[in-house]
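Colleague: I am new to reading protein models, and I would like to learn how to go from the overall layout to single residues. Could we work through one case together?

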Amino acid sequence: MKKVSKIEKEQNFLELRPVICDHIKWVKREDGVIQVIIPRSGKLEKLVRYFLKTPETMKIDLDLVGSHVWSGIEKGFSIGEIGQMLEDEPELDVDPVYERLATYINILRNNKFIDLYSA
């Protein structure tokens, strides 16, 4: 697989595979919600932590849809397969599926939670 730094017009977005970045840690809570744990280890962050007594990590709880997307990423699904998985879940109200999924994937990528790869 080849890492995609910029998505070209001729690439099919649905065929790309998101992969969770190595520096991102996460846990699945008992209620099924994914909690992403982000280390705050930069020089400035350490300084702020020292003076303001803030925690060493930042924890972000994903919503139900986000947790399903994250689980699909963890299983190695392509974006198209994740979209199909969301469509097949009757308890999720995700309409329009692919537009919302594309926005969510881009948010995860822009925040350096995931990278995208082509086959």
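Modeller: We will go from the whole chain to its surface, then to one helix, and finally to the salt bridges, keeping in mind that this is a predicted model.

Colleague: Where should I begin, and how many helices and strands does the protein chain have?

Modeller: A good habit is to list the elements before looking at any side chain. The protein chain has four helices and six strands, and from the N terminus on they follow the order β-β-β-β-α-β-α-α-α-β. The C-alpha atoms fill a box of roughly 45 × 35 × 20 Å along the principal axes.

Colleague: What share of the 119 residues counts as buried, and what share of the contacts joins residues 24 or more positions apart?

Modeller: For burial, one asks how much of each residue is left accessible, and in this protein chain 37% of the 119 residues count as buried. For contacts, one asks how far apart the partners are in sequence: among contacts with a separation of 6 or more, 58% are between residues 24 or more positions apart.

Colleague: How should I read the surface, and which residues make the nonpolar patch?

Modeller: Begin with the total and then look for groups of side chains. The accessible surface of the protein chain comes to about 8,000 Å², and carbon and sulfur atoms hold 53% of that area. A nonpolar patch of about 680 Å² is made by Leu44, Leu47, Val48, Tyr50, Phe51 and Leu52. One of these residues, Leu52, lies in helix 1, which covers residues 43-52.

Colleague: Is Leu52 buried or exposed?

Modeller: Leu52 is exposed, because its relative accessible area of 60% is over the 50% cut-off.

Colleague: Which residues of helix 3 are buried, and what do they pack against?

Modeller: For a helix, it helps to list the buried residues and then to ask which elements they touch. In helix 3, residues 79-87, the buried ones are Ile79, Gly80, Ile82, Gly83, Met85 and Leu86. The buried residues of this helix pack against strand 2 (17-20), helix 2 (64-74), helix 4 (97-110) and strand 6 (114-118).

Colleague: How many salt bridges does the structure hold, and which residue pairs with Glu81?

Modeller: With charged pairs, read the distance and then the place of each partner in the sequence. The structure holds four salt bridges, and in one of them the side chains of Arg17 and Glu81 meet at 3.2 Å, N to O. Arg17 lies in strand 2 and Glu81 in helix 3, so this pair ties together parts that are 64 residues apart in sequence. Arg17 is partly exposed at 28% relative accessibility, and Glu81 is partly exposed as well, at 37%.

Colleague: Which residues are joined with Arg29 into one network?

Modeller: Follow the shared partner from one bridge to the next. Arg29 forms a salt bridge with Asp31, with the closest N and O atoms 2.6 Å apart. Arg29 also meets Asp61 in a salt bridge, at 2.8 Å, N to O. This second pair links distant parts of the chain, 32 residues apart: Arg29 is in the loop between strand 3 (25-28) and strand 4 (34-39), while Asp61 is in strand 5 (residues 57-61). Salt bridges with shared partners thus join Arg29, Asp31 and Asp61 into one network. As for their accessibility, Asp31 counts as exposed at 52%, whereas Arg29 is partly exposed at 30% and Asp61 is partly exposed at 42%.

Key: Residues numbered from 1 in each chain as written. Predicted model: local features only at pLDDT ≥ 70, side-chain atom pairs only at ≥ 80, totals over all residues. Heavy atoms only, no water. Helix = DSSP H or I, 4+ residues; strand = E, 2+ residues; numbered from the N terminus. Buried < 20%, exposed > 50% of the residue type's maximum accessible area, 1.4 Å probe, protein only. Contact = heavy atoms within 4.5 Å. Areas by Shrake-Rupley, 256 points an atom, 1.4 Å probe, with all protein chains shown as cover. Patch = residues over 30% accessible without salt bridge, like charges linked within 9 Å, V, L, I, M, F, W, Y side chains within 5 Å.
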